[in-house]
Amino acid sequence: MENDKKEEEKKEEFSWGERHKQTLLLFFGMLISYGLRVNLSVAIVAMTDKSSANTHFIELPWNESSKSKVLSSFFWGYLITQVYAGQMAQKYGGKYFLAGALGVSGVLTIFTPASAIHGGVLVMCANRMVQGMAQGFIFPSVNVLLSKWAPASEKGRLISFVFSGTQFGSLVMLPTAGLLASSSGGWPAIFYVGGAFTLVWVLVWSLMGANSPSEHQTISDSEKKFIINSLSNTTSNKPLQTPWGKIFTSIPMWTLIIAHLTQNLGFWILLTNMPTYINYILKFDIKSNGFLSAMPYLIMWILIIAFSWISDYIRTHGLITNTNQRKIWNTLAHWGGALALLSLYLFDTSTTGAIVLLTAALGLNSGVYTGFLTNHLDLAPNFAGTLLGITNSIANITSILGPLLVGFVVTDNCNKDQWGIVFLCSASVFFIGNLLYVIFGTADTQPWNDTSINNKIKNGENEDP
């Protein structure tokens, strides 16, 4: 009978089910959210220099300081709501918080051209800041949903696939934005098209999404049992009191915070400013700019999928510990990326060489998805939304500082030496963050993951049979 049960679980593991439909919907949700986040990186080139796109649309008189403020304003709001979002998603489920977050973002994206043209820098910053506040609910909500839907044997690839939507969003939006800016719709079309697609996704998700297998109406009994049994040792079915004191005195947790801080600073410096670098230093027009800016994200998306399957294979066959896995993947991402950026700073590369090194720096960054980003679910599945909310909120301080730092260092967009300093800064923070992660990081589930069990043990009570 035991063998029959194992055979049934093995069969369920390789069959297409509702968990895969949910992760596919979440993938598209992440794709859209990042598309809305990075659309401005390409659009702002056309918005402030109409010679690079359809010349029939207004050119905004924003200087480099104004552009940096507009690019960073999203993150002013983004860091405010993260922890609260994690708490709410854990208490009530992530489904409708996710729908609301993208719904608000979609509507405000449609109003972005009006904000920029009629409201100027101040109103544009306010628009992006509110979008950031709304999107602060996305990562914590998705993490809570994945903690209920991703069985242990598939955790690496399902989680990585969902979060790879962020890279696919950049991959789709960057070239699409370039084409739309040059189309008859001009740069405003970037925001109208993106906003419309977002609202369609919100409708589909509201109809088909579910907080957990237990709440899904059409999931099979066998798949429901497979998922719930897989997660029963680490995930509680009842709401638990958040152990704030233990979270903020946990060395593994602080290691995650530092890893996330350094990741965001290095990554967002590249993400928000690469179209500008390609335009002014590598001398590509906005159509080519969009495709070149997107190429690293195509490589990154492919590597995320490949790395996640390798990671699950290693986990399933017990080849190395989960802790060592996390550290190896994170080292590949951060130290590999740092080496590419350092080379870009040290050597006088050709245009092709610069594109290759930028592609390598961002492509190798895909290792963070099987590295520290999955680590939140390792440490405490019951508080996955709150943990990601904490690290993502604190880390986005550096997302704000990144564009502002570039605006301070790069006073002349055509100065290659100034851009070299920016790349050196990114390489340095990648190196330091991963060094601390290698020394102090762990993938072991923490004792404070289940406070109800800890309290029973402490009081000498027996667990429920």
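**Helix packing and residue environments in a predicted model**

Ser 343 has its place in helix H15, where helices (H or I, at least four residues) and strands (E, at least two) are DSSP runs numbered from the N terminus. At 16% relative accessibility, Ser 343 counts as buried, a class that means under 20% relative accessible area, with exposed meaning over 50% and partly exposed lying in between (1.4 Å probe, protein chains only). Between Ser 343 and Gly 353, ten residues apart along the chain, the C-alpha atoms are separated by 9.9 Å.

The model is a predicted one, in which local features need pLDDT of at least 70 and side-chain atom pairs count only at pLDDT 80 or more, while totals for chains, interfaces and linings use all residues. Residues are numbered from 1 along each chain as its sequence is written, and side-chain values use heavy atoms, with hydrogens and water left out.

For the protein chain as a whole, the secondary structure comes to 20 helices and zero strands. Of its 465 residues, 58% count as buried, and the accessible surface comes to about 19000 Å², of which 65% belongs to carbon and sulfur atoms; accessible areas come from the Shrake-Rupley method with a 1.4 Å probe, and for residues only the protein chains shown count as cover. Among the contacts in the protein chain with a separation of 6 or more, 84% are accounted for by residues 24 or more positions apart, where contact means heavy atoms within 4.5 Å.

The helix that holds Ser 343 was examined next. Helix H15 (residues 322-346) packs with helix H16 (residues 351-364) at an angle of about 165 degrees, and their axes are 7 Å apart; axes are lines fitted to C-alpha atoms, for helices over the stretch in contact, and angles run from 0 to 180 degrees between N-to-C directions. That angle makes H15 roughly antiparallel to H16, since angles under 35 degrees count as roughly parallel, over 145 as roughly antiparallel, 65 to 115 as roughly perpendicular and the rest as oblique. The crossing of H15 and H16 is left-handed, a term used if the near helix is turned anticlockwise from the far one by less than a right angle, whereas a clockwise turn gives a right-handed crossing. On the H15 side, the residues that meet H16 are Leu 332, Ala 333, Gly 336, Gly 337, Ala 340, Leu 341, Ser 343 and Leu 344, and their counterparts in H16 are Ala 354, Leu 357, Leu 358, Ala 360, Ala 361 and Leu 364. By class, this contact of H15 with H16 has eleven nonpolar, three polar and no charged residues, where Ala, Val, Leu, Ile, Met, Phe, Trp, Tyr, Cys and Pro count as nonpolar, Asp, Glu, Lys and Arg as charged, and the others, Gly among them, as polar.

Helix H2 takes part in two further packings. With helix H8 (residues 155-163), the axis of helix H2 (residues 18-48) comes within 7 Å, and the two cross at roughly 30 degrees; H2 and H8 are therefore roughly parallel to each other. In this pair, His 20, Thr 23, Leu 24, Leu 26, Phe 27 and Met 30 of H2 meet Leu 158, Phe 161, Val 162 and Phe 163 of H8, and the contact of H2 with H8 has, by class, eight nonpolar, two polar and no charged residues. With helix H9 (residues 165-182), H2 packs at an angle of about 40 degrees, the axes being 7 Å apart, which makes H2 oblique to H9. The crossing of H2 and H9 is right-handed, and their contact includes Phe 27, Met 30 and Tyr 34 of H2 as well as Phe 168, Met 173 and Leu 174 of H9. By class, the contact of H2 with H9 has twelve nonpolar, seven polar and no charged residues.

Three isoleucine residues complete the description. Ile 281 is placed in the loop between helix H13 (251-280) and helix H14 (286-317), and at 15% relative accessibility Ile 281 counts as buried. The C-alpha atoms of Ile 281 and Cys 414, 133 residues apart along the chain, are separated by 5.6 Å. Ile 421, found in helix H19 (residues 416-440), counts as partly exposed at 39% relative accessibility, and, not counting residues up to four places away in sequence, Ile 421 touches Tyr 345 and Val 409. Ile 228 lies in helix H11 (residues 221-231) and, at 31% relative accessibility, counts as partly exposed; the C-alpha atoms of Ile 228 and Pro 151, 77 residues apart along the chain, are separated by 7.7 Å.
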